[in-house]
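Trainee: I am new to this structure. Please take a close look at one part of it, the aromatic rings that pair with one another, and walk me through the reasoning.

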Amino acid sequence: MNDTNAQFLSENNIVLDLAATSQAEAVATLAKVLERNGNISDADTFTSDVLKREAMTTTGIGHNIAIPHGKSDSVKQASLVFAKNKYPLEWHALDGSPVNIIFLMAVSAGDAGKDHLRMLANLAGRLMDDDFVEAIKAENDPAKILAIFNED
């Protein structure tokens, strides 16, 4: 098991069939998931903080994937949400591709980089593995997706 992924992602934070029609709607909807699951205290504040960060530079990394994130005082527990959106979204990705795979990272404003960098480093490493990317794109069962994340 990959301890880093297991620490930040739970089955409750896997959203399939997200029906957002914009980047802002996707972030706001996923922030509500984090709020409902007790990871953040205020979805509106967290959404605002993530969108401020997104305005600085895109988090669309290409291949239909985005990793929006932002440090926020509303974060109670560093967490990750994985989502598949039904529709391709404009995200100003580095390769110009629309986004339908979203990894929303929640990091406390007081984090000195430890959780944020561990989560990002682990995720970036996994996303360099084409087999991992294909597996998460193809799978539609949250438990199986979580198992894919937790594979070494």
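Mentor: What follows is a short account of the aromatic pairs, and of one cluster in particular. Keep in mind that this is a predicted model. A search of the whole structure finds four aromatic pairs. One of them joins F103 and F149, with ring centres 5.9 Å apart and planes at 70°. Because planes over 60 degrees apart count as edge-to-face, this pair is edge-to-face. The two residues come from distant parts of the chain: F103 sits in strand β6 (residues 99-108) and F149 in helix α6 (residues 142-150), with their positions 46 residues apart. F103 has 0% relative accessibility, so it counts as buried. F149 is at 1%, so it counts as buried as well.

F149 also pairs with F132. Here the ring centres are 5.3 Å apart and the planes stand at 90°, so this pair is edge-to-face too. It again links distant parts of the chain, since F132 belongs to helix α5 (residues 130-138) and F149 to helix α6, 17 residues apart. F132 has a relative accessible area of 3%; buried means under 20%, so F132 is buried.

These three residues do not stand alone: F82, F103, F132 and F149 form one aromatic cluster. Within that cluster, F149 of helix α6 pairs both with F103 of strand β6 and with F132 of helix α5.

Conventions
Residues numbered from 1 in each chain as written. Predicted model: local features only at pLDDT ≥ 70, side-chain atom pairs only at ≥ 80, totals over all residues. Heavy atoms only, no water. Phe/Tyr/Trp six-rings, centres within 6.5 Å; stacked < 30°, edge-to-face > 60°. Helix = DSSP H or I, 4+ residues; strand = E, 2+ residues; numbered from the N terminus. Buried < 20%, exposed > 50% of the residue type's maximum accessible area, 1.4 Å probe, protein only.
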